[in-house]
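Work through these short exercises with the structure open beside you. Try each task before you read its solution.

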Amino acid sequence: MPPSQAMLNTQSPGPPDEKVKRHTISILVQNKFGAFNRIAGMFAAKGYNIDSLSVGPTEDEGVSRMTIVARGDDQIIEQITKQLNKLIDIVKVIDLTFESFVDRELVLVKVHATNDSRPEIMQIAEIFRAKVVDISPRTLTLEATGSQQKVDAIIKMLKPFSIKEMARTGRVALKREFQGEV
Amino acid sequence: MTRQAHEGESPASSGGRLMTGAEIFVRSLIAENVEVLFGYPGGATIGVYDALHDISDIKHVLTRHEQGATHAAEGYAKATGKPGVVLVTSGPGATNTVTGIADAMMDSIPLVVFTGQVPLRLIGNDAFQEADIVGITRPITKHNYLVRDVRELAQTIKEAFYIATSGRPGPVLVDLPKDVMAQKTHFEYPGSVTLQNYNPILEGNVRQIKKAADMINAASRPVLYVGGGTILSNAAAELTALARKLGCPVTTTLHGLGSFPENDPLAMGMLGMHGTWYSNMAVHFCDVLIAVGARFDDRVTGNVDAFAAEAKKIHIDIDPSAISKNVKVDVPIVGDVKSVLTALLELVNPLETKDWLKTIEAWKDEHPLRYRNGEEIRAQYVIQKLGEITEGNAIVVTDVGQHQMWAAQFFNFSHPRTHITSGGLGTMGFSLPAAMGAVFGRRDLPVISISGDGGFQMNSQEMATIVQHRLPIKIFVINNGFLGMVRQWQELFWRRRYSHVELANPDFVRLAEAYGCTAYRATRTEEVEVVLRKAMAHTDGPVFVEFVVAKEDNVYPMIPAGQTVNEMIDTPDPAPDGKQPAGDRIETVEKGKARKVSVHAPVPSNA
């Protein structure tokens with residue numbers, strides 16, 4: 001299996017295992033040479049499954065935030081957190097699954113469109129509050145944002161029209177601050 | 001330093017003067033008190049080597065292969081507790097260090113490996129002798145760096161030494177582009193270093209320690225399972241005190257050997273695949289297992305689900321990720337072994353373990369370590385004799401395979417840092433260069449390298465380095481003409497189909513002599529003790545001995561991979577195949593008991 005496939009195993013999990021859960025792990029990492037490679041390489045070397053991985057700058061220009069959605073039973077997730085914490089360039093690791101958090105994902109979908117199907121696609125876009133960002137005689141490109149479930153749902157709705165290309169960002173997430181207990 | 005001091009200069013600062021990266025490198029190593037550097041020069045490090053030319057504070061050892069340099073640094077680190085330092089050039093120089101680095105990673109050995117690199121502007125160009133060594137070694141180092149600016153150099157070296165030696169030690173690689181080492185800047189060696197997310201926990205959690213103490217105080221069949229972390233933490237004294245206070249039997253892993261004296265009645269020797277029968281039984285039937293600086297390796301546990309299945313488990317380790325990685329434990333304590341054991345010692349009471357020790361004593365009587373002895377030399381006998389002659393006062397550096405297990409079983413290690421071997425990675429060719437490194441750090445004890453005929457030939461080029469420096473190493477090759485451990489597995493589990501395990505060897509004695517080394521050969525049991533004594537008495541440089549041993553012999557006891565004590569195979573009784581030569585007999589050795597010494601070859605008084 002090529003490493004990229006081992007790392008980003010997006011296949012649906014095999015036989016349902018109740019112990020295996022999806023965890024959203026937020027990582028703050030110093031912007032150092034090879035730091036992302038270190039993290040991605042650790043997942044590959046230890047054989048952990050990643051559903052999605054996104055990375056981008058933060059308010060601190062020396063630090064990036066990586067959001068990883070990983071699957072595993074409690075022991076594997078505990079090991080993932082520990083192994084991440086062992087990496088020197090990592091500033092902080094938070095398993096958001098144990099917290100209340102907001103998460104979003106963005107998707108761009110280029111879908112096949114004819115004069116007949118275009119209105120229907122646009123209707124779906126409206127329901128999901130997606131935007132049309134590009135149009136051609138044969139295609140429509142939509143931009144949708146939301147939780148992973150919402151993104152999954154719009155993709156499911158668009159599938160019958162034939163999706164030509166698609167790009168998902170993977171989940172980004174932040175811990176909720178105000179939780180109403182004050 | 002022989003160089004003239006400049007105004008305002010101090011050992012850790014260049015004052016107002018600008019220094020090249022190469023000079024800064026040398027000055028940083030001096031600031032880190034590096035005594036010895038194992039290396040091999042090349043195009044990318046020629047500037048650094050120029051800066052080393054006039055330096056007398058650091059001894060540079062030119063090995064004959066970069067793998068030899070890395071293992072030498074490991075041997076030095078294991079013998080002294082100080083970090084081993086390596087300097088090699090880019091490309092092949094760097095890639096040749098990979099095996100040693102991986103070995104150090106597996107066995108938690110502090111190494112700092114400096115590799116030359118092509119100039120920054122050529123990186124990624126497939127330049128001559130270019131290799132992405134930072135990329136290559138990322139998964140096998142604790143951390144690694146590419147220095148992109150000379151102003152980062154001193155800080156990077158400081159961090160590298162700090163990371164390599166603190167917490168759970170390990171290898172750190174620093175890649176040094178040629179042009180960076182020629183750039184100039186002010187030199188100021190940092191006094192201390194802080195890293196945002198790297199603060200190894202030393203003190204164990206007080207509540208966890210209390211919980212562990214309560215668990216231990218309620219035990220009736222406790223076992224201490226002691227790993228290499230105890231030696232890394234210099235905690236052999238605390239461990240011994242704890243075992244004796246509790247009256248708790250002790251078994252050690254391969255790397256734990258030496259942390260507890262094996263002539264102590266509580267000693268059970270090594271556990272695991274080739275551990276003693278009684279240590280494996282004791283671990284299987286104990287009610288509280290106290291794992292100290294050990295990591296529940298598969299060679300120790302066999303089938304993890306059945307490993308000490310009934311026991312409550314306490315696990316002391318400095319590495320949080322070692323806890324509950326393979327075996328779920330009841331009371332984890334993250335911390336430095338020495339600090340945790342000191343705290344624990346205060347809280348535990350002497351236990352009533354008389355019955356438990358009696359049970360173990362009975363196992364010792366029924367299933368001692370045994371081997372067949374006769375006219376043909378047995379490796380076990382060589383090692384047992386060596387242990388007796390040196391009385392354990394020697395640093396024994398083994399290679400990988402059957403002789404390694406026999407050394408672990410029969411030498412009776414009793415002092416920390418006297419047993420050096422490649423455990424985790426199992427690197428053949430480790431012993432000779434590692435022994436060489438050990439002798440650069442330790443002259444208080446004789447250093448003995450033991451290899452098989454296979455492993456010896458994997459790094460035998462270091463004979464040249466050893467002879468060049470007239471290093472007082474005893475180099476023992478146990479020659480059975482086979483890759484013995486693979487042959488043993490083929491015999492036991494692959495229907496005796498000996499596929500590519502027989503070696504056609506050179507004349508080892510003449511080979512050693514060609515290097516300029518005194519060399520002996522023993523071919524019969526009665527010669528063993530004489531030649532051992534001769535070798536141990538040899539003080540003028542290295543001495544080489546080839547022991548031609550029985551071609552086919554197996555390491556027992558053995559728990560086949562992934563299995564349990566139920567499948568443990570003990571040494572077969574005398575001649576089950578009826579092919580035993582007349583005069584052969586079974587020698588027995590027990591841990592923690594006065595040993596039954598065989599006097600097969602009387603020692604001539606003038607030997």
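The exercises below deal with a predicted model.

**Exercise 1. Describe chain A as a whole.**
Find how many helices and strands chain A has, and how far the prediction can be trusted along it.

Solution.
- Step 1: Count the elements. Chain A has 5 helices and 9 strands.
- Step 2: Read them in order. The pattern along the sequence is α-β-α-β-β-α-β-β-α-β-β-α-β-β.
- Step 3: Look at burial. Of the 182 residues in chain A, 41% count as buried.
- Step 4: Check the confidence. The mean pLDDT of chain A is 88, and 88% of its residues reach 70 or more. Over residues 1-14 of chain A, however, the pLDDT is below 50. Beyond near neighbours in sequence, this stretch has 15 contacts in the model.

**Exercise 2. Lay out a sheet in chain B.**
State the order of the 6 strands in the open sheet, and say which strands stand at its edges.

Solution.
- Step 1: Write the order. It is β17-β16-β18-β19-β21-β20 in chain B, with parallel pairing.
- Step 2: Find the edges. β17 (419-420) and β20 (518-522) of chain B each have a single partner strand, so one side of each lacks a neighbour in the sheet.
- Step 3: Zoom in on one pair. Strands β18 (residues 447-452) and β19 (residues 473-479) of chain B are joined by 6 bridges. One residue to find is G452(B), whose bridge partner in β19(B) is I478(B).
- Step 4: Add a helix. α15 (residues 379-390) of chain B packs on the sheet and touches β18, β19 and β21 (543-548) of chain B. The direction of α15 makes about 175° with that of β18(B).
- Step 5: Add another helix. α22 (residues 525-537) of chain B also packs on the sheet, touching β18, β19, β20 and β21 of chain B. The direction of α22 makes about 165° with that of β21(B).

**Exercise 3. Classify a helix pair.**
How do α3(B) and α17(B) lie to each other: parallel, perpendicular or oblique?

Solution.
- Step 1: Take the angle. Helix α3 (residues 66-80) and helix α17 (residues 431-441) of chain B pack at about 45°, with their axes 6 Å apart.
- Step 2: Classify it. That angle makes α3(B) oblique to α17(B).
- Step 3: List the contact. On α3(B), the residues include G68(B), H71(B), A72(B) and G75(B). On α17(B), they include P433(B), A434(B) and G437(B).
- Step 4: Note the spacing. Residues three or four places apart point the same way, because an α-helix has 3.6 residues a turn.
- Step 5: Give the handedness. α3(B) passes α17(B) in a right-handed crossing.

**Exercise 4. Sort residues by exposure.**
Decide which of these count as buried or exposed: H538(B), R129(A) and E391(B).

Solution.
- Step 1: Recall the cut-offs. Buried means under 20% relative accessible area, and exposed means over 50%.
- Step 2: Take H538(B), in the loop between α22 and β21 of chain B. At 14% relative accessibility, H538(B) is buried. Leaving aside neighbours within four places in sequence, H538(B) contacts K474(B), T518(B) and V543(B).
- Step 3: Take R129(A), in the loop between α4 (118-127) and β6 (131-135) of chain A. With a relative accessible area of 73%, R129(A) is exposed.
- Step 4: Take E391(B), in the loop between α15 and β16 (395-398) of chain B. E391(B) is exposed, at 63%.
- Step 5: Check the backbone. R129(A) has a positive phi of about 50° although it is not a glycine. E391(B) has a positive phi of about 50° too, and is not a glycine.

Conventions
Residues are numbered from 1 along each chain as its sequence is written. Chains are lettered from A and ligands numbered from 1 in the order in which they are written. This is a predicted model: local features need pLDDT of at least 70, side-chain atom pairs count only at pLDDT 80 or more; totals for chains, interfaces and linings use all residues. Side-chain values use heavy atoms; hydrogens and water are left out. Two strands pair if DSSP finds at least two bridges between them. Helices (H or I, at least four residues) and strands (E, at least two) are DSSP runs, numbered from the N terminus. Contact means heavy atoms within 4.5 Å. Axes are lines fitted to C-alpha atoms, for helices over the stretch in contact, and angles run from 0 to 180 degrees between N-to-C directions. pLDDT is the predictor's confidence in each residue, from 0 to 100. Angles under 35 degrees count as roughly parallel, over 145 as roughly antiparallel, 65 to 115 as roughly perpendicular and the rest as oblique. A crossing is left-handed if the near helix is turned anticlockwise from the far one by less than a right angle, and right-handed if clockwise. Buried means under 20% relative accessible area, exposed over 50%, partly exposed in between (1.4 Å probe, protein chains only).
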